[in-house]
Structure formats: C-alpha cells, structure tokens
Amino acid sequence: MAEFLIKNGFVFDPVLGIKGDVADVAIKDGKIVETSALRSPKVIDATGKTVMAGGVDIHAHVAGPKVNIGRNFRPEDKLFNCTAGHGIERMQGGFSVPTTIRTGYNYAHMGYTTVMEAAMPPLYARHTHEEMRDTPILDQGAYPVFGNNWFVLEYLKNHEIENTAAYIAWLLRATKGYAVKVVNPGGTEAWGWGLNCENVHDPVPYFDITPAQIIKGLIEANEYLGLPHSMHMHANNLGTPGNYTTTLDSFKLSEGIKPNSKFGRAQVMHHTHVQFHSYGGEGFNFESKAPEIMDYVNTHDNITIDLGCVTLDETTTMTADGPFEHHLTELNHLKWANADVELETGSGVVPFVYSANNKANAIQWCIGLELGLLAKDPMRVFLTTDHPNAGPFIRYPRIMKWLMSQEARDQQFDAFKHKDKVIEATNLAGMDRELSLYEIAQMTRAGPAKALGLSHMYGGLAPGLDGDVAVYDFNPNEPYAPDDIEKAFLNAKHLFKSGVQVISDHEIASNGNKRTLWVNARANENPQVMRDIKEKFLRYYTVTLNNYEVTGHYLRNPHVIEVDATQ
Amino acid sequence: METVTLTIKSQPGLFLEADSITPDAFAGKKAEEIVDLPVYVGREQFRLGDFFEVSGRAGATPAETKIVVNGDLSRVKYIGMKMTAGEIVANSNADMYVGAWMQGGKITVNGNVDAFAGTGMKGGEIAIKGNAGNYLGAAYRGDWRGMAGGKISVGGNAGSDLGTFMNGGEIVVGGDVDVHVATHAEGGKIVIKGNAKSRLGGQMVEGEIYVFGNIDTMMPGFAYRQDVDVDVDGIKGRFALYEGDLGERHRKRKGQAIYARLYQRINA
Amino acid sequence: MTRTVTDVICPFCGTLCDDLEVVVSDDGKDLLEVYNACAIGAEKFLHSQAKDRITRPRMRQEDGSWKEISYDEAVNYTARMLADAKKPLMYGWSSTNCEAQSVGAEIGEAVGAVMDNTATVCHGTSLIAVQDIGIPSCTLGEVKNRADRVLFWGCNPAHAHPRHMSRYSIFPRGFFTGKGHTGRKVIVVDPRPTDTASLADIHLQVEQGHDYELLDALRVAFRGEKLPDFVGGIPKAKIYEVAETLKSGRFAIIFFGMGVTQSIGKNHNIDIAIAVTRDLNEYTKAAIMPMRGHYNVTGSGQVWGWQFGFPFAVDLSRGFARYNPGETTSNDLLRRDEVDAVFVLGSDPGAHFPFSSVKKIYDLPSVVIDPHETPTSEVCKVHVPVAFVGVEIGGCAYRMDNVPIETRKVVDAPEGMMTDEEFLTRVLARVKELKGV
C-alpha cells in the first residue's frame with residue numbers, strides 16, 4: 001500500500017497532546033507510523049494547513065428504514081439539488097436526508113471517516129446493512145435498539161441481568177450490531193397503544209416495568225458483557241419543556257456503576273442529543289437548563305454526551321421515539337410517517353423547519369451551543385446534530401464556527417426575530433468562551449473514538465492507529481473571519497481513510513475501502529434465553545427465526561470486534 | 001424593453017428540455033450568445049441554436065427582456081421556468097412546466113399547455129389562451145408549499161389536480177375543470193367559470209373556490225351555509241356558500257373555526 | 001432420496017411468506033413438492049420445473065420467429081441498445097432481488113435511463129400520497145399481536161394475497177390478540193361482494209368511484225359533524241357506525257389495494273385514507289398499509305430510495321435524478337414518445353400496460369429479461385431467460401411492510417443459465433466499455 005508523508009501542517013491531536021504545533025504525519029500500510037518507517041512516500045505539503053485525525057460521528061441517522069422513509073417521502077428535499085456524477089463519483093441527491101452516496105461523500109468532504117448509525121430496528125437490520133454497504137468511504141456500525149424490546153422488558157422486570165446480557169449478545173450477532181441503543185425506554189412500546197412513558201417512573205402498559213428499571217438494567221447488562229461502547233441513551237420525554245428533570249433522573253441511574261470494558265472507555269452511559277433534553281419551564285415559557293445539565297455531566301465522569309445542536313435549517317426529524325414524532329406532526333401539521341416494529345421498537349418521521357424567526361427554535365439553538373461551551377472536559381462532550389433531527393450533518397462546520405467564535409454567535413443573535421426574549425430564556429449571550437481547534441478535535445475525534453471503545457483504531461494520530469487523516473485549508477495562526485472556519489471544515493483539502501487518499505485537492509479521489517464494524521460478544525451458553533427466543537419467534541414474530549439473522553455478505557469488509565464475556 | 005425572437009426550426013427526436021428560455025438566462029446577451037445556451041434531448045446536450053433561429057437581443061436585465069417564441073412548441077418543456085421578471089410570449093401550444101417555479105414577469109401562451117404549468121409558482125402572471133393540462137398551479141410532489149402568489153388564467157379548460165396545496169395567488173379557468181380542485185389548499189382563490197366534476201376542496205383547510213357552472217358531486221365535507229352576493233373576477237352574482245372540508249383540521253379565530261369556502265353560482 | 005428445505009421464502013406476492021417447506025431431489029436439481037404455500041405460490045415453484053422451459057436467450061428475426069443466441073450476444077445487444085439510446089426506459093424490477101436492482105440502478109445511471117418499477121401501475125399512487133401526507137404504519141406482526149379492528153379497502157386478499165388473512169390480519173392469535181378472529185372486527189369496503197367481504201362483520205358496498213367521498217365522510221363523522229343522507233350510496237347511519245367501530249378499537253389497521261390506488265382519484269384516495277388513519281390516532285392507535293403486489297416491488301423502491309432518493313419513476317437522463325409521476329412514469333413516457341428504447345426485467349408490462357403502451361414497446365428497440373415466456377417477450381426484440389429468484393438463486397426482498405427477508409435458493413437453475421444479477425453485471429461492464437469509462 002501507498003506511503004504518505006503529510007508535512008509541516010499545524011497538527012491538532014488530543015491523543016498525542018499536540019496543540020497546533022507544526023509536525024509531520026506518516027501513513028503506511030493503512031496505519032499511522034513513525035516518519036522514520038517510510039521509504040518513498042508521496043509527500044503532501046500541509047504547510048499553513050490544519051491536520052487532524054479523521055472525524056468520528058458517534059450518533060447520526062444515515063442508514064436504514066426510517067432514513068429511507070425520509071428520503072422517499074420527501075421528493076421536495078431533492079428538488080434542484082441532485083447532481084450528476086463525474087469520474088469515479090456517482091450521482092447524488094438530497095439535503096436533509098441525502099442519498100447514501102452523498103452521505104459518504106459529504107462526510108468525507110468534512111474530513112470524517114467513521115460514522116455510527118444511531119438506531120437500527122433489529123427486524124430491519126438487513127436493510128440498514130444494505131444502505132451502509134452502499135455508503136462509500138466511511139467505516140460504519142449500527143446500534144440495534146433495545147429499550148422497548150419485549151425480551152428486555154420481560155427479563156428486566158425481574159432484574160435478570162444475565163439473561164438480558166445473553167439476549168443482547170445474541171441480538172448483536174443476529175443483526176451484526178455494534179452497541180446497545182435505548183430510545184424512549186418503555187415509551188415506544190406504550191406507543192403501540194398510542195400512549196407514552198413521560199418520566200422514568202411511568203410504568204410501561206401491560207409489561208409492568210418502569211423506564212428506570214430498563215435503563216439501569218441495560219447499563220448493568222452492557223457492563224456484564226463489557227462491550228466496547230456503553231449503553232447509548234435517548235431518554236424519555238424528549239423535546240418537552242421541563243424535561244431536564246427526566247434527563248437528570250436518567251443520568252442518576254448510572255451512579256455507582258463502574259465501566260467494565262477492555263476497550264478504554266470510561267463511561268457507562270452515553271446520553272445522546274442532550275440539547276433536546278435540557279428544557280426548563282413549561283409551554284411557552286420554555287427556557288434553557290443547560291447549566292443544570294452540564295453541572296451534572298461535568299461532575300460525573302462515568303457519563304458522556306453528545307450535543308444535538310439545532311442548526312436553524314429545514315430538515316427531517318426521524319427517531320425510534322414514535323410518540324414524539326406524533327406530537328411533532330400535531331404541532332406543525334406536516335406529513336407524518338410512523339413504523340412500529342413487532343416486539344422491538346417503532347419510529348416516526350416528520351419534516352421540520354427550524355426558523356430564526358421562531359422563539360422556541362432560537363432557544364433550542366442556544367441550548368445546544370451552551371452545552372458545548374459549558375463542557376469542562378471536551379473528551380466527554382461530542383459535537384452532533386442528531387442528524388438530521390436538529391439539522392443536517394453538513395452543518396457541523398457551522399457549529400464549529402459558533403463554538404469557536406463569539407462574533408459568529410452574536411451575528412446569529414442579531415438575526416433572531418425575538419432576540420431579547422431568546423436572550424432572556426437562555427445563557428448563551430453571556431458566554432465568551434471560544435473553543436480551540438484542540439478542543440474541537442477532542443469533541444469530534446478523540447472523544448467519540450474513546451467513548452465508542454475504538455481508541456485503538458480511530459480518533460488520533462499516534463502510530464498504530466488507522467491512517468485516517470484530514471488536511472484542512474485553515475491556518476490557525478493567521479487572522480480569520482468566523483465564516484472561514486465553516487468554509488475550511490466543510491471542504492477538506494485532503495483526506496486519508498485507512499491509508500487510502502479518498503480526497504485529493506478537495507476532489508473525491510477514491511470510493512475508499514469502507515468497513516462495517518460489529519461486535520461479537522460471546523457470553524455463557526444460556527438455554528433459557530435460546531428457548532425464549534424460539535418461543536417468541538414461533539408465537540409472535542411474522543418471520544421465522546431462521547430467516548432473522550443477517551448473513552455476513554450484507555456487510556462490506558466486515559470488521560468484527562470480539563468480546564469474551566464468558567464467565 | 002428589448003425583444004428576442006425564437007423560431008423553432010427543427011423538432012427534437014424526443015422532447016426538448018429548454019429551461020434556458022427565460023428572460024433571466026437571456027438578459028445581457030446578444031443573439032449569438034443566446035444560441036449557445038444549453039438545451040437537452042434525453043441525455044444529450046445541444047445548443048438552443050440547434051433548434052431555434054434566434055434574432056434580436058435581450059435587455060440588460062430580465063425585466064427589460066421580452067422573448068417571443070414562434071413555431072410548434074408542443075415538444076418543448078420548461079419554457080419560462082423559474083423566471084423572475086420580463087415577458088415571454090409563446091405563439092403555439094407548449095409542453096409541460098410552462099412557468100414552473102416562476103417568481104415574476106409574465107408568460108402568455110397563445111395555445112394549450114400540457115401538465116405542471118405554474119408548479120410551485122411564487123409570483124408573476126401566466127395567461128394561457130387555450131386549455132391547460134393536469135396539475136395547473138399545483139405543488140411539486142411532496143411539497144406542502146404550493147402556489148404562493150401570482151395569477152394564472154386559462155381561456156379554455158383545465159385538467160385534474162388544479163391548485164393542489166395552494167397557499168396563495170389566484171387561478172381563473174374560463175371553461176371546465178376535471179376532478180380534484182384545491183386539494184390540501186390553505187389559501188388562494190380559484191375561479192371556475194364553467195363546470196366542475198367532483199372532489200372540489202377535498203382536505204382543504206382554507207382558501208376560496210368559485211364555480212359558475214355545475215358540480216357533479218359535492219364533497220360530503222362541505223356544508224351549505226347561506227346564499228350570498230359576490231363580485232368575482234368582474235362578475236356580480238348570487239352564490240350558494242358552502243364551507244369545508246369539515247373533516248379536515250382548521251385553525252380558530254376567536255373560538256370560531258375558519259373553513260375553506262366554496263361558492264357556487266345560483267342560476268337566475 | 002430427497003431432502004426438505006425449510007424456512008423457504010415465497011417469491012410471489014408482497015406477503016412474502018417465509019415458512020414454506022420445499023422437497024428437492026438429493027442432487028438439488030429437481031423440485032418435487034411445496035408445503036405451506038398457497039396455490040399461487042406453489043405453482044410459482046413448480047412452474048420452474050417445466051420441461052419446455054426456455055433456457056437460452058433468443059432474438060426476434062425479421063419473419064417474426066425466434067433465433068437462439070448466446071448470453072454474450074444478448075449482453076452485447078442489451079448494452080448497445082442502452083448505450084445508443086438518448087433516453088431508454090428500464091422498467092420492471094419487482095420480481096427480482098435487491099442485488100439485481102442495485103446493479104440495474106448502476107446501469108441506469110451510466111446510460112441515463114428512466115428507472116421505473118411496477119408501482120407505476122399499482123401502488124405508485126400510494127407512494128405519491130405518502131409524499132403528500134406521510135403514512136402511519138407498522139409491521140405485520142403489530143397487526144397480528146395488537147389489531148382488533150381490521151379494514152380492507154379496495155383489496156381482496158382472499159384471492160390476491162391468500163395467506164395474508166391467516167398469517168397476519170384476521171385469524172392469527174398474537175400476544176394481545178389471544179382470541180384470534182373472534183377478537184377482531186373486520187370491515188370491508190368494496191363495490192363487489194368478494195370472498196374477503198364474505199368474512200367481514202361489516203361490508204360497505206360503496207358505489208364505484210366514490211371512495212374519496214366516503215373516506216371524507218368518515219373524517220366528518222369522527223368529528224361529529226353532519227353528513228348528507230347518503231355518501232357513495234352508503235346511508236349516513238352506517239357511516240357513523242363504522243366511524244364509531246374504528247374509534248372504539250384499541251388498534252385499527254387499514255389495508256388497501258388496487259381498487260382504490262388505480263380507480264378515479266388514485267393518489268387522493270390513498271391520501272385521504274391516510275388522513276383517516278391520522279385522525280384515528282387522536283382517539284386510539286391506528287395504522288395503514290398498502291397491499292403490495294409483486295414480492296419485491298417494495299425492495300426496488302427501497303434500493304432506488306437510498307441510491308437516488310425516489311421510490312419509482314426516476315429519470316436519470318440528465319445525469320442526476322428527477323422524479324415527477326405524470327411525466328417520468330412509464331405509461332406517460334410511452335404514450336408521449338419520450339423514450340427511445342425499452343428494457344424490461346422482473347415484470348410483464350405486455351400483460352399489465354394499456355395496449356397503446358405495449359404497441360410502443362413493440363415499435364422500439366427492446367429487451368426483456370424473464371424466466372418465463374410472457375406477453376412482453378412476445379413484443380420484444382430480445383428475450384433473455386434467467387434463473388428464478390427465490391427458487392434457483394437467493395437474494396434480498398422487501399415484504400409489503402418493508403421488512404427485508406433474504407430469499408433462499410432451493411434448486412439449481414438449468415445448466416448454463418444466468419441469474420438476473422449475473423446478466424446485469426455483464427451488461428454494466430459492457431456499457432462501461434462502450435462508454436469508455
């Protein structure tokens with residue numbers, strides 16, 4: 001394989017602790033190596049440019065059934081933005097829900113090389129894998145959802161951690177999944193009857209279990225197995241004024257649980273898109289509770305979060321939180337898709353227009369950024385938009401701009417129709433913190449890689465890590481306007497993925513060597529769980545057990561992470 | 001105002017996609033530059049001059065540019081698409097998408113147009129002397145933001161799906177219309193001087209429909225309220241007022257639901 | 001000796017039953033018996049064993065007779081036809097696997113084709129409606145485990161989806177539906193007294209072409225507003241009764257078929273049926289689902305969805321994707337002479353399209369890929385027989401509720417026959433050669 005020497009760039013790497021010093025980065029045989037290991041490298045001149053590891057997205061909705069509903073039911077999302085392929089590039093389309101091809105290319109253009117699909121309905125795992133297979137360049141994995149799964153509800157009602165763990169191990173293998181995702185625990189099952197669970201003690205109809213029991217039990221089962229990633233959480237009551245108490249209640253369920261993982265993570269709960277979960281007040285008196293949330297996060301190091309920043313765009317919301325999407329369509333009257341999945345989960349999809357003229361949307365924008373600016377440890381707080389829910393992922397560079405520049409934030413405040421009321425309900429206007437590129441690298445590279453249990457592959461530039469390196473047209477030592485940040489990070493000059501140059505001089509140069517990551521956890525033989533699985537397939541599923549498992553050929557370049565949880 | 005005259009000299013083998021026939025694309029250009037504008041037949045790109053004789057010159061801005069198109073345009077799509085100002089006169093039948101996503105200016109078609117004329121129209125005026133096809137002044141697929149402004153007038157008949165998701169503006173049809181008028185509309189005004197078939201105002205939230213002739217089947221969601229005197233498009237008359245669609249959501253003002261209104265002329 | 005293959009997926013209709021058992025000869029060459037399938041599904045398997053099956057490509061001669069050609073010649077003819085055309089139509093894609101659909105999409109992209117599937121004459125109107133209003137839906141297991149109100153509108157599963165009622169909708173006992181059919185109220189809306197209607201608690205014999213009005217009347221009834229005395233021939237008391245029956249359920253499901261998707265109003269009928277379902281969710285839980293026909297028409301909409309962003313009628317001619325049914329739909333393209341070559345795979349437009357469209361196919365350069373001799377092969381210039389997907393080759397298919405299931409190979413195809421995917425892969429390579437990419 002080719003050798004590359006990326007010379008003289010300003011390097012930002014939290015793994016090596018390099019904070020913008022000029023350094024060389026060497027790639028050989030797909031990995032980062034010492035510069036001395038190169039023989040006849042192709043030299044990439046990065047003088048005056050910023051060099052970072054490839055970006056890692058811990059939470060985005062980019063592949064699978066609800067994403068494709070979003071594509072297929074929004075032709076207007078593609079009107080006048082479909083573009084022709086050229087050279088090795090295939091044709092692309094879509095803004096808030098781009099085609100798989102555009103998804104791969106646009107992430108690459110931002111310098112990202114790893115993107116995790118945040119919610120995979122197990123019964124639709126094959127579909128999710130088919131889409132990931134057709135997403136070029138990126139390494140991907142998908143999180144099957146567990147928080148409303150009938151097996152889980154029945155086991156955890158009696159706190160059967162070992163059985164839950166055995167079932168998780170089985171389902172990860174059957175779906176070729178990466179981590180344990182929980183979405184509105186119990187609430188989506190309640191939505192099977194048009195109901196919801198609005199706080200952690202609100203019991204799930206019929207199943208006689210509370211969200212709190214589900215959350216705590218899944219954290220414990222996750223640690224029982226010692227999976228690479230922690231339990232990945234979307235709490236109850238998303239998007240509702242006053243919901244921050246539910247969020248704190250959910251956080252607290254992780255207290256006293258220590259990580260059991262050989263993969264280097266320190267958290268036992270990752271809570272996603274916290275912006276949507278940090279609301280105070282009620283009804284129209286909706287306000288930011290980001291400080292309360294971040295006080296908790298900053299003082300509890302067994303938690304990581306991602307932001308879920310609102311970007312003020314027209315977008316498409318999609319989540320396994322079925323009751324939330326129904327709530328949303330009743331608010332905005334736009335088209336609503338819902339897909340409840342037998343024994344497992346549900347989902348909804350609704351277009352949404354976040355407007356700078358809308359007070360609530362402007363407050364949401366503030367909250368996302370407040371969370372980022374209040375973070376004491378950027379290694380535990382990651383930049384996301386819950387793509388496409390709070391905004392499309394191609395706005396990440398715009399969020400970097402807002403996080404890095406008070407001037408950029410002030411410009412946005414000035415564009416708000418209800419500026420004064422927004423300032424009153426939030427804390428952002430008084431914040432003068434401007435994040436550094438090093439902190440951005442923590443939030444977009446090293447931090448998420450560590451939380452995923454993938455710091456042995458991604459997130460840094462230390463020798464031995466994958467050869468994922470981005471070079472941006474950005475000189476941090478020269479004066480720049482806020483918009484220069486967005487422009488540079490939207491359009492990497494070069495990108496290397498597993499040692500292959502996939503972007504050369506801003507152009508897609510290769511469709512890459514994408515891999516699909518999944519976790520093969522081996523737990524003790526558990527005849528009871530296997531009996532339960534057979535029974536549920538015979539009685540309640542509409543596919544047979546033998547037709548459920550995703551066979552390996554759906555995965556392009558599968559990369560299995562083995563976990564030995566036998567005891 | 002400067003005038004550019006296009007005369008079709010050869011018909012395309014399939015259909016010609018000519019979204020460059022707009023004052024916006026022509027403005028500031030001489031005839032010899034206009035002939036180089038791109039047009040498409042299937043996957044092949046051609047020059048406008050391959051199909052049209054071009055004479056005259058464009059004004060400096062779209063507003064100062066008038067385009068006259070002569071010859072049989074029944075295989076030419078997208079005339080006047082997205083235009084913002086100026087004027088187009090097509091002296092023939094034209095194919096689909098006349099004035100689609102138009103924002104300003106005026107298009108006159110001295111003939112019939114096929115489907116999708118005035119799709120997603122925001123402003124300006126389209127005058128069709130003959131008949132219009134289906135989806136006149138409708139929204140693009142999936143979009144809840146249909147015709148928002150401007151005026152479309154049709155001398156003859158119009159097809160089905162007139163004014164779907166209409167939010168504003170006005171459509172006047174001199175003749176008859178086919179099924180589905182103002183479906184999902186939340187505003188705007190549709191005047192039908194001839195007869196209508198059925199499914200008028202289905203799922204309609206707000207807006208107005210006026211029918212001078214017969215309606216084959218009234219939607220069950222429209223309830224008769226009263227007879228009223230109306231002055232519409234310069235004609236005064238007595239109309240029966242119906243409100244609906246009672247099955248659809250409606251916003252309220254001072255506790256009263258605001259319905260869409262359908263007026264049908266009472267024959268004297 | 002024989003052996004039995006279990007958990008076999010039936011490649012016939014969108015019900016995509018996956019519990020078939022197929023007995024094959026020990027050498028895997030002969031298919032002997034099919035269990036658990038309906039009569040249509042069983043016939044599909046057994047038909048593959050026909051002794052007079054065509055196993056080699058054929059080209060039409062000037063005198064109308066067929067001449068056998070090699071797969072190489074067929075590949076070359078197909079690639080040339082597609083590469084030479086300014087705007088070819090590539091139609092069908094419903095009776096094949098997603099793997100083949102994906103290669104087909106890449107060919108379409110390379111030659112600037114219009115890609116359309118059988119939804120265009122079936123549930124394409126449903127897809128348009130979903131784009132306008134969305135769709136609250138669910139998997140079929142939700143129906144089995146929860147539904148206590150089942151409404152069939154303009155569909156007749158007793159004949160078109162024979163095992164649907166026993167596997168999913170009327171008879172099964174599920175987790176919350178232990179009483180099976182006795183715990184469910186079944187409503188059928190159909191102008192005809194069908195076999196499905198004979199199973200219903202309530203049959204609304206709506207006048208043909210008045211579905212839209214009747215659905216609107218249900219919405220009016222939900223809100224307690226006044227109705228005219230009759231709507232679509234149904235007395236208002238009956239409409240209020242049905243509205244109340246639906247609202248009083250715990251979980252209502254509406255299934256609809258071509259009786260409403262292809263009768264007057266088309267997408268609007270589905271649009272307002274979805275509005276009825278939305279309304280019901282204000283009172284209880286409700287879902288709605290199209291009774292998709294071909295076993296993998298759903299899959300082609302999914303594959304094109306993630307590759308192009310649109311589920312059918314995708315015009316790639318300008319190098320990027322455009323979509324507008326009424327313009328980019330097969331019959332509109334054929335009617336208006338907008339395409340100059342026709343490629344068909346996994347469908348039989350010769351049987352399903354209007355005669356005027358079939359005549360246009362006959363007049364154009366045309367290739368059909370199909371295991372069978374069909375009305376379409378009768379009008380095409382080249383017929384390429386291929387292995388049966390789901391019988392002689394596996395691959396992914398999407399059920400009517402979008403659940404993807406991997407079909408199974410149970411027997412070998414006759415010696416030397418290609419699969420859809422193999423043939424298309426060869427055509428793609430040849431197209432790239434011809435285009436110099």
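Biologist: What makes up the secondary structure of chain B?

Modeller: Three helices and 21 strands. Both terms refer to DSSP runs numbered from the N terminus: H or I over at least four residues for a helix, E over at least two for a strand.

Biologist: Why is chain B called as compact as a globular protein of that length?

Modeller: Chain B has a radius of gyration of 20 Å, and the globule rule gives 18 Å for 268 residues; the two are close, so the label holds. The radius is taken over C-alpha atoms, and the rule is 2.2 Å times the number of residues to the power 0.38. The C-alpha trace of chain B spans about 60 × 35 × 35 Å along its principal axes.

Biologist: What kind of model is this, and how are its parts numbered?

Modeller: It is predicted: local features need pLDDT of at least 70, side-chain atom pairs count only at pLDDT 80 or more, and totals for chains, interfaces and linings use all residues. Residues are numbered from 1 along each chain as its sequence is written, while chains are lettered from A and ligands numbered from 1 in the order in which they are written.

Biologist: What does the same radius rule say about chain A?

Modeller: A compact globule of 567 residues would have a radius near 24 Å; chain A has 22 Å, which agrees. Chain A holds 17 helices and 24 strands. Its C-alpha trace spans about 65 × 55 × 45 Å along the principal axes.

Biologist: What fraction of chain A counts as buried?

Modeller: 65% of its 567 residues. Buried means 20 or more other C-beta atoms within 10 Å of the residue's own; exposed means 12 or fewer, and partly exposed lies in between, with C-beta atoms placed from the backbone. For the 268 residues of chain B the share is 58%.

Biologist: How do you know which sequence separations the contacts of chain A join?

Modeller: Count residue pairs whose C-beta atoms, placed from the backbone, lie within 7 Å. In chain A, among contacts between residues at least 6 apart, 78% join residues at least 24 apart. In chain B, residues 24 or more positions apart account for 38% of the contacts with a separation of 6 or more.

Biologist: What makes the reach of helix α5 of chain A close to expectation?

Modeller: The expected span is 1.5 Å times one less than the number of residues. Helix α5 (residues 161-175) has 15 residues and reaches 21 Å from first C-alpha to last, against 21 Å expected.

Biologist: Why is α5(A) called mostly covered?

Modeller: 11 of its 15 residues are buried. Among them are A:Ile161, A:Tyr167 and A:Leu172. After α5(A) comes A:Lys176, with a positive phi near 55 degrees.

Biologist: Why does C:Ile69 count as partly exposed?

Modeller: It has 17 C-beta neighbours inside 10 Å, so it counts as partly exposed. C:Ile69 sits in the loop between β5 (66-68) and α2 (71-84) of chain C. Leaving out residues up to four places away, it touches C:Pro57, C:Arg58, C:Met59 and C:Ala74.

Biologist: What is the strand order of the open sheet in chain C?

Modeller: β11-β10-β9-β14-β15, five strands with parallel pairing. Strands pair if DSSP finds at least two bridges between them. β11 (202-204) and β15 (285-290) are the edge strands, each pairing on one side only.

Biologist: How do you know that β9 and β10 of chain C pair?

Modeller: β9 (residues 149-153) and β10 (residues 185-189) are joined in the parallel sense over five bridges. One bridge partner of C:Arg149 is C:Lys185, in β10(C).

How values were computed. Two residues are in contact if their C-beta atoms, placed from the backbone, lie within 7 Å.
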